[in-house]
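Biologist: I am new to this structure and should be grateful for a close look at a single part of it, the surroundings of the ligand. Please describe them step by step.

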Amino acid sequence: MVKIHNFGAGPAKLPEEVYEIIKNELTNFDGSGISLLETSHRTATYKNLNTEIQNVVRRLLNVPANYKIIFLSGGGQGQFAGVPLNLISRTGTADYVVTGAWSAKAAKEAKKYGKVNLVLPPTDRYTEVPDQSKWNLDPNASYVHICTNETIHGVEFDFIPDTKGVPLVADMSSNFMSKKIDVSKFGVIYGGAQKNIGTAGVALVIIREDLLNHALPICPSILDWTVNYKADSILNTPPMFAIYIMGRVLQWIERQGGLDAMEAAATKKSSLIYDIIDQSNGFYYAPVAKNVRSKMNIPFRIGSATGNDELEKEFLKGAEALGLIQLKGHRDVGGIRASTYNAVTLQEVQALAVYMKDFLKKHAK
Ligand SMILES: *Cc1c(COP(=O)(O)O)cnc(C)c1O
């Protein structure tokens with residue numbers, strides 16, 4: 001069988017080394033004689049693991065002491081509800097910066113719980129992050145929500161917005177732990193694990209402590225940050241195995257050299273693909289403005305700016321034959337999307353690059 005290189009957007013590739021660790025630990029976790037899969041979340045074994053993973057998050061992101069770290073069920077979208085349920089009571093209104101499909105979804109969910117102000121004019125073509133001078137921020141907002149990396153559209157923030165003291169809330173589902181960030185610039189950071197730091201089912205949430213205790217009375221306990229923080233993320237049975245895998249991925253990141261190493265690799269990998277696109281004389285076309293091109297998800301078209309169905313199908317078919325899989329663009333945007341998350345190696349991206357060059361040579365006029 002041909003070796004598989006998975007460029008899927010999520011659930012995405014996990015580091016090979018982490019699979020080895022999971023295999024070794026699967027039926028006898030931490031010397032307990034049983035699997036973590038059948039261990040009570042009330043045991044010392046799980047409590048130790050829970051603490052260990054919080055500590056690695058704290059080290060990697062240099063999380064300041066006044067920020068709390070919790071693990072919640074429901075993934076990224078759970079927090080689309082969790083954010084307004086926990087924060088919008090402050091003023092009843094929230095600002096949403098919509099730069100792609102995910103932030104649009106977050107804004108739609110928030111409308112159930114309060115007033116949502118769209119900071120940018122509506123569009124269905126997400127290719128940029130407009131300059132902050134064009135943002136219509138409401139000084140009375142409870143928070144400003146952004147998505148730092150739009151997984152579907154490939155738009156990644158290249159700056160941290162200045163929200164004039166209004167807490168900044170960021171969905172980092174698809175670029176969590178891909179580079180260093182200044183946590184102190186954010187009120188809340190959250191993300192589902194299955195893109196860059198693990199597998200589906202868990203959201204990692206980092207909250208500045210003064211933003212606790214604002215939940216709406218209707219907020220379900222399992223989404224209430226304060227309740228879950230006080231329960232040390234074992235209010236109910238947490239998605240323990242997903243949390244464990246996230247922990248092993250984060251420890252793997254540390255062993256690779258931490259977030260500086262992840263960022264350097266992401267820059268190298270994504271440039272390899274963007275350079276081929278830019279040097280293809282329009283054969284490959286990347287729609288996103290250069291300054292906000294994502295280093296994690298690279299959407300592009302083949303043949304023209306709107307794509308050529310036949311060529312794109314042929315590209316995907318040829319790629320698959322070489323083991324380069326899950327390259328089909330999201331159905332909302334079509335075309336091709338290569339996700340180059342932390343676990344995707346430089347060698348794998350090089351294999352894709354070689355294929356792209358060959359395909360170009362074969363088809364370019
Ligand atoms: C995938 C994704 C989500 C949704 O995550 P789920 O865990 O499937 O709910 C939210 N935001 C972004 C940016 C994503 O990429």
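Modeller: In this predicted model, an N or O atom in the side chain of Thr151 lies 2.4 Å from an oxygen atom of the ligand. The side chain of Gln194 also takes part, with an N or O atom placed 2.8 Å from a ligand oxygen atom. From Gly76 the contribution is made by the backbone: one of its N or O atoms is 2.9 Å from an oxygen atom of the ligand. Each of these pairs falls within 3.5 Å and therefore counts as a polar contact. As for how much of the ligand is covered, its accessible area on its own is 380 Å², and the protein covers 88% of that area.

The shell may now be considered as a whole. It consists of 13 residues around the ligand. Thr151 and Gln194 are among the closest of them, together with Gln77, Asp171 and Lys195. By character, eight residues of the shell are polar, three are nonpolar and two are charged. By origin, helix H3, which spans residues 75–87, supplies the largest share of the shell, namely four residues.

A further part of the chain can be described after helix H3. Strand S3 (residues 93–96) pairs with strand S4 (residues 115–118) in the parallel sense, over four bridges. Within this pairing, Asp95 stands opposite Asn117 in S4. Between the two strands the chain passes through helix H4, residues 101–110, and the resulting β-α-β crossover is right-handed.

Notes: Residues numbered from 1 in each chain as written. Predicted model: local features only at pLDDT ≥ 70, side-chain atom pairs only at ≥ 80, totals over all residues. Heavy atoms only, no water. Near = heavy atom within 4 Å. Polar contact = N/O pair within 3.5 Å; in protein donor to acceptor, adjacent residues only side chain to side chain. Areas by Shrake-Rupley, 256 points an atom, 1.4 Å probe, with all protein chains shown as cover. Nonpolar A, V, L, I, M, F, W, Y, C, P; charged D, E, K, R; others polar. Pairing = 2+ DSSP bridges. Right-handed = clockwise from strand over helix to strand, strands pointing away.
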